[in-house]
Amino acid sequence: MTVWEAVAVLFAGVGAGMINVIVGSGTLITFPVLLAVGVPPVTANVSNSFGLVPGSLSGVIGYRRELAGQGRRLARLGTASLIGGLIGALLLVKLPSAAFDAIVPVLILLALVLVVIQPRVARAVAARRGDTGGPDPDGGALLLAGVFLTGIYGGYFGAAQGVLLLALMGMLLQEEMQRINGVKNALAMIVNGVAAVFFLFTSTVDWTAALLIAVGSLVGGLAGAKVGRRLPPPVLRSVIVVVGLAAVTKLVVS
C-alpha cells in the first residue's frame, strides 16, 4: 500500500465512522476504497470489521446520555445481535469466496435502496407514532427476531445494518429517535466486535488497512456523535449512493 493509498483508507475510515454513528452504511465508504487499493474482497470485509469497532465504540460513548436507563433493553437486544453477528461471521468464513463475490453486489444494492428510502421510513415512523395506540413499548418478539437477522447480515457484510436497525426499532419501539440511535450504535458495536474476534482466529486480516480504518473511524465516530444532527442527511445519502454504486461496478467488472 502506497502512502496515498494509506491516506485514502484513513480518510475513508473517518467518513465511515461519522456516517455509522449518524445513519449507518459506513461500510459503503470503506469497502470500495479497500477494493480500490487492491485488498481482496473477503480480506477487505474482514479487515473492515476490525477497523470499524473503535468507531462504534466512540459512537456509544458519544451517545451515553441517550443510552441511560436502557440497560435491560440493551441486554436483550444485544444478546440477539451477538448471536446473529457470530452466525454471520461463520457464514463468511465457511461459504466459498465465490459466493461472497456473487452475494456482496446484491447486498450493496439492497443497502443503497435502504439508504435512499430512509426518509420515507422516517416519515412512516413519525406517522405511526402519531397513532393513538403507538408501537409496542418493548418491541416484542418481532423486534428481537429482526435484530437477530440484522446481526447475521452485519456479521456477514454489514453495510446499512444501522439503517435496518433504525427502521426496525423506530417502527416497534415507543422511544425518541436519538435514544434509538444510541441503541443502534451499541448493537452495531456488538456485531462488529464479535465478528472481529471470530475473524481473528479464522481468517486473514490486512492489519495495515484495519489499523488505518480503526484510527479513522475512532475520530469519525466522535465527530459524528457531536455534529451528526447538523449535517444535511441528503448530502450524506448522496455520497453513500455514489460510492456504493462504484463498489458494485468494481466488483462486477473485476
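The largest cavity in this structure has a volume of about 150 Å³. Of the 19 residues that line this cavity, Asn20, Ser56, Gln161, Ala188 and Asn192 are the closest to its centre. Please keep in mind that you are looking at a predicted model.

**Empty spaces**

How can such spaces be found at all? Rolling a probe the size of a water molecule over the atoms shows where empty space is left. A search of the whole structure finds two cavities of 30 Å³ or more. Helix 1, helix 3, helix 8 and helix 9 each supply at least two residues of the lining of the largest cavity.

The second largest cavity holds about 50 Å³ of space. Thr27, Asn45, Phe157 and Asn192 are among the residues that line it. Helix 3 gives the most to this lining, with four residues, and helix 9 also supplies at least two.

There are pockets to look at as well. The second largest pocket has a volume of about 230 Å³. Ten residues line this pocket, and the closest to its centre are Ile61, Gly62, Tyr63, Arg64 and Ala225. Helix 3 (41-62), helix 4 (64-67) and helix 10 (207-227) each contribute at least two lining residues.

The table sets out the three linings by residue type.

| Space | Nonpolar | Polar | Charged |
|---|---|---|---|
| Largest cavity | five residues | 13 residues | one residue |
| Second largest cavity | three residues | seven residues | no residues |
| Second largest pocket | four residues | one residue | five residues |

**The helices**

Now step back to the whole fold. The protein has eleven helices and zero strands. Buried residues make up 51% of its 254 residues.

Helix 1 is a good place to check a simple rule. At 1.5 Å a residue, its 20 residues should span 28 Å, and its end C-alpha atoms are 29 Å apart, which agrees. Several residues of helix 1 are buried, including Ala6, Val9, Ala12, Ile19 and Asn20. After helix 1 comes Gly24, whose phi is positive, near 110°.

**The cores**

In soluble globular proteins, nonpolar side chains tend to be buried together. Here, the largest nonpolar core has 43 residues, and Phe31, Leu34, Phe50, Phe100, Ile108, Phe157 and Phe199 have the most contacts inside it. Helix 1 (3-22), helix 2, helix 5 (71-94) and helix 9 (177-202) are among the elements that give two or more residues to this core. Which helix gives the most to it? That is helix 6, with seven residues. Apart from this core lies another, of 16 residues, among them Val60, Leu165, Ile180 and Leu187.

**Aromatic pairs**

A pair of aromatic rings is described by the distance of the centres and the angle of the planes. The count for this protein comes to three aromatic pairs. One of them joins Phe31 and Phe157, with 5.2 Å centre to centre and 85° between the planes, an edge-to-face arrangement. This pair links distant parts of the chain: Phe31 sits in helix 2 (residues 27-36), while Phe157 is in the loop between helix 7 (140-156) and helix 8 (161-172), 126 residues apart.

Are these two rings buried or exposed? Phe31 is buried, with a relative accessible area of 0%, and Phe157 counts as buried at 2%.

Phe198 and Phe199 form another pair, with ring centres 6.3 Å apart; their planes stand at 65°, so this pair is edge-to-face. Phe199 is buried at 0% relative accessibility. Phe198, at 19%, is buried too, because the cut-off is under 20%.

Definitions and conventions:
Residues are numbered from 1 along each chain as its sequence is written. This is a predicted model: local features need pLDDT of at least 70, side-chain atom pairs count only at pLDDT 80 or more; totals for chains, interfaces and linings use all residues. Side-chain values use heavy atoms; hydrogens and water are left out. On a 1 Å grid over the protein atoms alone, a cavity is a set of points where a 1.4 Å probe fits but cannot get out, and a pocket is an open set with protein on both sides within 12 Å along at least five of seven lines; lining residues have an atom within 4 Å of a point. Grid points are joined across faces, edges and corners, and a volume is the space filled by probe spheres set on the points. Ala, Val, Leu, Ile, Met, Phe, Trp, Tyr, Cys and Pro count as nonpolar, Asp, Glu, Lys and Arg as charged, and the others, Gly among them, as polar. Rings of Phe, Tyr and Trp (its six-membered ring) pair if their centres lie within 6.5 Å; planes under 30 degrees apart count as stacked, over 60 as edge-to-face and the rest as tilted. Buried means under 20% relative accessible area, exposed over 50%, partly exposed in between (1.4 Å probe, protein chains only). A nonpolar core is a set of buried Ala, Val, Leu, Ile, Met, Phe, Trp, Tyr and Cys residues joined through side-chain atoms within 4.5 Å. The expected span of a helix is 1.5 Å times one less than its number of residues.
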